[in-house]
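Dear colleague,

I am passing a structure on to you, and I would be grateful if you could look it over before reading my notes on it. Please keep the sequence and the 3D view open beside this message while you read.

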Amino acid sequence: CCCINRPFGRVYHIEDGKDELIGYISNPCTCTNVTIKTTEGSYKERIPGFQIKGSICQCGYFCRCPYGGCREIYLPIFKDHKEVGEVRRVYSNIAKELYTQGDNFVSYFPKEIEWEQKALLLT
């Protein structure tokens, strides 16, 4: 577990030569979980957003095979400490798993969220 120099990023909407800050994403230090936090708003006004949080004690992290619990990794999406959606990394097929670095993800987002919030979660 390395807690130095954790990833942090800004997400912009760029259209017609104008760039608008949508929000921020960060990967805080946690030793037993995968955690990604989103923060909405501008430089002056930051609003806590969603949190994707999943345990690293899932078979799919260590073994990529088409059997049982190793087929996927489950990462629930939280808002205000309530589960509102999920992201899953799923097994595709043997050729893709052996010969590429690509992963397949399936996401379920809450129906009421705005496109900016989806952009932050997909980043």
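Below I describe the core, the pockets, one aromatic pair and a few single residues.

Please bear in mind throughout that this is a predicted model.

I begin with the core. The largest nonpolar core is made of eight residues, namely Phe50, Ile52, Ile73, Leu75, Ile77, Val87, Ile113 and Leu121. At least two of these core residues come from strand S4 (46-55), and at least two from strand S5 (72-79), with S5 supplying the largest share, three residues. For one of the core members, Ile73, the contacts beyond its neighbours within four places in sequence are Gln58, Gly60, Tyr61, Val87, Arg88 and Arg89.

Pro110 is worth finding next, in the loop between strand S7 (104-108) and helix H3 (115-122). Because its relative accessible area is 8%, under the 20% limit, Pro110 counts as buried. When neighbours within four places in sequence are left aside, Pro110 is in contact with Phe50 and Val84, and its C-alpha atom is separated by 9.7 Å from that of Glu83, a residue 27 places away along the chain.

Turning to the pockets, the largest has a volume of about 410 Å³. It is lined by 20 residues, of which Ile36, Ile52, Leu75, Val87 and Phe105 are the closest to its centre. Two or more lining residues are given by each of strand S2 (18-26), strand S3 (33-41), S5, strand S6 (82-90), S7 and H3, and H3 gives the most, with three residues. By class, this lining divides into 15 nonpolar residues, four polar and one charged.

The second largest pocket has a volume of about 250 Å³. Its lining is formed by Lys37, Thr38, Thr39, Pro48, Gly49, Phe50, Gln51, Lys53, Phe78, Lys79, Asp80 and His81; the elements that give two or more residues to it are S3, S4 and S5, and the largest share, five residues, comes from S4. The classes in this second lining are three nonpolar, five polar and four charged residues.

Next come the aromatic rings. A search of the whole structure finds one aromatic pair, and it is formed by Phe8 and Tyr24, whose ring centres are 5.6 Å apart and whose planes are at 25°, so the pair counts as stacked. This pair links distant parts of the chain, since Phe8 belongs to strand S1 (residues 8-15) and Tyr24 to strand S2, 16 residues apart. The two partners can also be described by their accessibility: Phe8 is partly exposed, with a relative accessible area of 48%, whereas Tyr24, at 1%, counts as buried.

Finally, two residues deserve a look for their backbone angles. Most residues other than glycine have a negative phi. Asp16, however, has a positive phi of about 55° although it is not a glycine, and its place is in the loop between S1 and S2. Because its relative accessible area is 73%, over the 50% limit, Asp16 counts as exposed. His81, which is found in the loop between S5 and S6, also has a positive phi, near 65°, and at 80% relative accessibility His81 counts as exposed. You will have met His81 already, in the lining of the second largest pocket.

With kind regards

Methods:
Residues numbered from 1 in each chain as written. Predicted model: local features only at pLDDT ≥ 70, side-chain atom pairs only at ≥ 80, totals over all residues. Heavy atoms only, no water. Core = buried A, V, L, I, M, F, W, Y, C linked by side-chain atoms within 4.5 Å. Buried < 20%, exposed > 50% of the residue type's maximum accessible area, 1.4 Å probe, protein only. Helix = DSSP H or I, 4+ residues; strand = E, 2+ residues; numbered from the N terminus. Contact = heavy atoms within 4.5 Å. 1 Å grid on protein atoms, 1.4 Å probe; cavity = no way out; pocket = protein on both sides within 12 Å on 5 of 7 lines; lining within 4 Å. Points joined across faces, edges and corners; volume = space filled by probe spheres on them. Nonpolar A, V, L, I, M, F, W, Y, C, P; charged D, E, K, R; others polar. Phe/Tyr/Trp six-rings, centres within 6.5 Å; stacked < 30°, edge-to-face > 60°.
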